[in-house]
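Ready for some practice in reading a protein model? Take your time with each exercise, and try it yourself before you look at the solution.

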Amino acid sequence: MNPNRIDPAVVAFSSFVLAMMLWIVVAQISMLVDRIRGRPIGGESLLRRVPWNAKTTLGFVLLWVFFQIVGAIVAGPEQSARAMMTQIAVTNAFLIVAGPILLARGSRLSHSELALLGPAPGASFLRGVATWPKVAPYIFGLYALAIRVWPAAKHPVEEMMRARQDAGTSTLAFLGAVILAPAAEELLFRGVLLGALASIRLPNSNPTPTTTEPAESEIQYVESTEAPPETEPMGKTTDRGGSSVRFWCANITISVIFAMMHGPIWPSPIPLFLLSLALGVLYRRTGGIAAPIGLHMVFNGVSTLMLQLSLAAGQAAAP
């Protein structure tokens with residue numbers, strides 16, 4: 001190997017890391033400028049009262065557990081990291097397809113009336129993507145502190161990519177970890193569970209309805225003081241008395257569950273708890289899961305691509 005030759009894999013890894021750092025710096029400066037100018041951060045809340053009941057929510061959770069059990073049985077007890085990632089990808093794909101069907105039938109609504117993605121899903125998704133450089137320093141910084149205390153366990157994606165590096169492995173890693181996992185987890189944790197918990201009324205919460213009584217199938221937004229987007233059905237309810245307390249209790253509870261689900265890859269649950277809180281805030285600010293999916297996909301995508309490029313750079317640097 002020529003010591004004076006710069007391998008393209010090393011260049012690609014260094015360029016990617018530099019690009020991500022520049023993106024973070026620009027985003028942090030932009031946030032600082034907004035705060036100095038007194039611009040509002042986050043905007044109005046579009047947290048909505050979801051149309052499905054506790055029975056439908058429980059049914060969705062049981063459906064997810066069923067898929068997990070079936071996938072584990074099919075893959076077998078001695079499954080490799082590749083088999084595990086395949087099982088997780090297939091399970092998430094089934095949940096993405098079957099979950100909304102269950103919610104629609106349980107609520108007697110159409111998919112469009114469920115409004116899982118929220119108003120303006122395209123713009124919300126891009127908002128989630130743009131949120132990554134704003135929260136990444138805190139999440140990765142917390143992880144860097146955590147691994148100084150506890151040894152880091154390897155994620156199945158890392159084990160799979162270390163064991164075998166080819167086009168099939170890369171495709172499975174990105175399809176499973178970057179596309180399917182964020183969509184399925186946001187559907188479960190933010191769309192269904194956080195939406196249901198945040199919709200539970202506190203004993204002293206007395207909403208003041210508008211003069212127009214909404215139909216049973218209409219979606220009600222519970223925290224916005226302004227008229228929602230045109231895509232939102234009529235029938236808004238203002239409920240500021242206990243809404244913030246209710247939301248944060250629900251967001252913290254769901255974030256603890258989300259972090260515990262990733263317990264085998266300790267200490268990742270510590271920064272993932274912070275990530276989950278940010279995902280919950282995005283859900284609250286946009287009224288759907290499109291923005292959380294965008295942030296979650298970028299978070300997993302950056303981590304997966306950085307791992308792949310670092311492995312390639314390490315092999316290139318090896319004698």
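Three exercises with worked solutions follow, and the model they use is a predicted one.

**Exercise 1. Find T91 and decide: is T91 buried or exposed?**

Step 1. Go to helix α3, where T91 lies.
Step 2. Look up the relative accessible area of T91, which is 4%.
Step 3. Buried means under 20%, so T91 is buried.
Step 4. Now look around T91: setting aside neighbours within four places in sequence, T91 is in contact with F67, Q68 and G71.

**Exercise 2. Find V256 and work out which surface patch V256 belongs to.**

Step 1. Locate helix α8, which covers residues 243-261 and contains V256.
Step 2. Check the relative accessibility of V256, which is 36%. Partly exposed lies between 20% and 50%, so V256 counts as partly exposed.
Step 3. Add the partners: W248, I252 and M260 join V256 in a nonpolar surface patch. Together the four have about 380 Å² of accessible area.

**Exercise 3. Which element gives the most residues to the largest nonpolar core?**

Step 1. Start with the core itself, which has 48 residues. Those touching the most other members are W52, F60, L103, L114, W132, L275 and L295.
Step 2. List elements that give two or more residues, including α1 (8-36), α7 (167-198) and α10 (290-317).
Step 3. Pick the top contributor: α7 gives the most, with 10 residues.
Step 4. Zoom in on L275: beyond neighbours within four places in sequence, L275 is in contact with I139, L295 and F299.

Terms used
Residues numbered from 1 in each chain as written. Predicted model: local features only at pLDDT ≥ 70, side-chain atom pairs only at ≥ 80, totals over all residues. Heavy atoms only, no water. Patch = residues over 30% accessible without salt bridge, like charges linked within 9 Å, V, L, I, M, F, W, Y side chains within 5 Å. Areas by Shrake-Rupley, 256 points an atom, 1.4 Å probe, with all protein chains shown as cover. Salt bridge = Lys/Arg side-chain N within 4 Å of Asp/Glu carboxyl O. Helix = DSSP H or I, 4+ residues; strand = E, 2+ residues; numbered from the N terminus. Buried < 20%, exposed > 50% of the residue type's maximum accessible area, 1.4 Å probe, protein only. Core = buried A, V, L, I, M, F, W, Y, C linked by side-chain atoms within 4.5 Å. Contact = heavy atoms within 4.5 Å.
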